[in-house]
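Student: Hi! Could you take me slowly through this structure, with a close look at the part where the sheet is packed? I would like to see how the pieces fit together.

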Amino acid sequence: MKVDVLTLFPEMFAPMNHSLMRQAQEKGLLDFQTHDFRQFSVNKHGHVDDYPYGGGAGMLLRPEPIINCLESLKLSDHARIILLDPIGTPFTQEKAESWATEDHLVFICGHYEGFDERIRSFVTEQVSLGDFILTNGELPTMVMVDATVRLIPDVVGNSASIVHESFQDKLLEYPQYTRPSEFRGMSVPEVLLSGHHANIERWQHRESLRRTYKYRPDLIDFEKLNDQEKEWLKEFQLEQE
């Protein structure tokens with residue numbers, strides 16, 4: 001996968017050269033590049049922002065630097081151009097899964113009060129990390145790239161670990177334990193020490209549902225629960241009474 005990022009602060013993407021993102025690049029699975037769109041300013045002083053017509057607070061990013069930088073990449077028709085903006089659709093695991101199948105993603109990071117509206121006509125989609133405001137688009141871009149790239153086949157060494165992660169199957173991940181088996185009076189559940197794989201999988205499924213019901217019941221599609229899951233839910237409800 002190729003990922004290009006249009007940004008005013010390329011140095012903020014230093015974390016992309018560490019951990020899993022670095023490994024993905026070393027394996028040839030990820031080509032990650034940043035592009036400083038200030039270099040494409042048409043202003044002799046290198047300004048990329050200006051006051052909004054009609055008045056208003058703050059400054060807006062001008063269209064020329066961003067669009068000139070975008071066009072310099074000579075993108076194919078298949079590239080997805082993503083504008084980071086609070087008005088965009090919320091980023092989700094499903095979105096990451098969809099992007100992970102793409103060959104080329106381009107992210108445009110915003111600053112100041114926002115974008116000149118005409119920039120939006122050049123993008124494929126607008127995405128937000130959540131219903132809150134950040135000072136820039138670099139941080140959410142790194143989050144989205146990380147969430148997406150790790151889903152590319154062979155990026156994560158043990159692909160099975162992805163299958164059982166939170167949100168991957170619409171449930172939160174079940175509790176997990178490691179050594180020691182007992183710590184300050186708290187013990188690992190006996191079933192996990194039994195070696196009985198069927199019982200362990202059943203326990204994991206049950207605890208995933210329990211955790212989701214407790215912390216994120218909005219994720220549960222109650223109409224699609226099987227009879228066993230419905231029985232478990234009744235038990236969880238009684239436990240909370």
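Tutor: Happy to! Let's start with a small detail: P180 is found in the loop between α5 (159-163) and β9 (182-183). Keep in mind that this is a predicted model. The peptide bond that leads from R179 into P180 is cis, and its omega is near 5°.

Now to the part you asked about. The sheet is open and has five strands, in the order β2-β1-β6-β5-β8, with parallel pairing. At its edges stand β2 (31-36) and β8 (125-128); each has a single partner strand, so one side of each is left without a neighbour in the sheet. On average, neighbouring strands are turned by 30° against each other, direction ignored.

Let's look at two of the pairings. β1 and β2 run parallel and are joined by six bridges. One residue to find here is L6, whose bridge partner in β2 is H35. Between these two strands the chain crosses from β1 through α1 to β2, and this β-α-β crossover is right-handed. The other pairing is that of β5 with β6, which also run parallel and are joined by four bridges. Here L83 stands opposite I108 in β6.

Next, find the helix that lies over the sheet. α4 lies across β1, β2, β5, β6 and β8, and runs at about 160° to β6. This helix has twelve residues and reaches 16 Å from its first C-alpha to its last, close to the 16 Å expected at 1.5 Å a residue. How much of α4 is covered? Nine of its twelve residues are buried, so the helix is mostly covered. Among the buried ones are P140, M144, V145 and V149.

That brings us to the packing itself. In soluble globular proteins, nonpolar side chains tend to be buried together. In this model, the largest nonpolar core has 27 residues, and V3, F32, W99, F107, V145 and V149 touch the most other members. Elements that each supply at least two residues of the core include β1 (2-7), α1 (19-26), β5 (80-90) and α4 (138-149). α4 gives the most, with five residues. To see one of them at work, select V145: leaving out residues up to four places away in sequence, V145 touches V3, M16, M21, F32 and F107. Apart from this core lies another, of 17 residues, among them L70, I81, F115 and V123.

Two loop residues are also worth finding. L73 lies in the loop between α2 (63-72) and β5. Not counting residues up to four places away in sequence, L73 touches D4, L6, H35 and V106, so you meet the L6 and H35 bridge partners again. K74 has its place in that loop between α2 and β5 as well. K74 has a positive phi of about 50° although it is not a glycine, and at 71% relative accessibility K74 counts as exposed.

You can set S19 beside K74. S19 has a positive phi of about 55°, and it is not a glycine either. S19 lies in helix α1, and with a relative accessible area of 52%, S19 is exposed.

Technical notes
Residues numbered from 1 in each chain as written. Predicted model: local features only at pLDDT ≥ 70, side-chain atom pairs only at ≥ 80, totals over all residues. Heavy atoms only, no water. Core = buried A, V, L, I, M, F, W, Y, C linked by side-chain atoms within 4.5 Å. Buried < 20%, exposed > 50% of the residue type's maximum accessible area, 1.4 Å probe, protein only. Contact = heavy atoms within 4.5 Å. Pairing = 2+ DSSP bridges. Axes fitted to C-alpha atoms, helices over the stretch in contact; angles between N-to-C directions. Expected span 1.5 Å × (residues − 1). Right-handed = clockwise from strand over helix to strand, strands pointing away.
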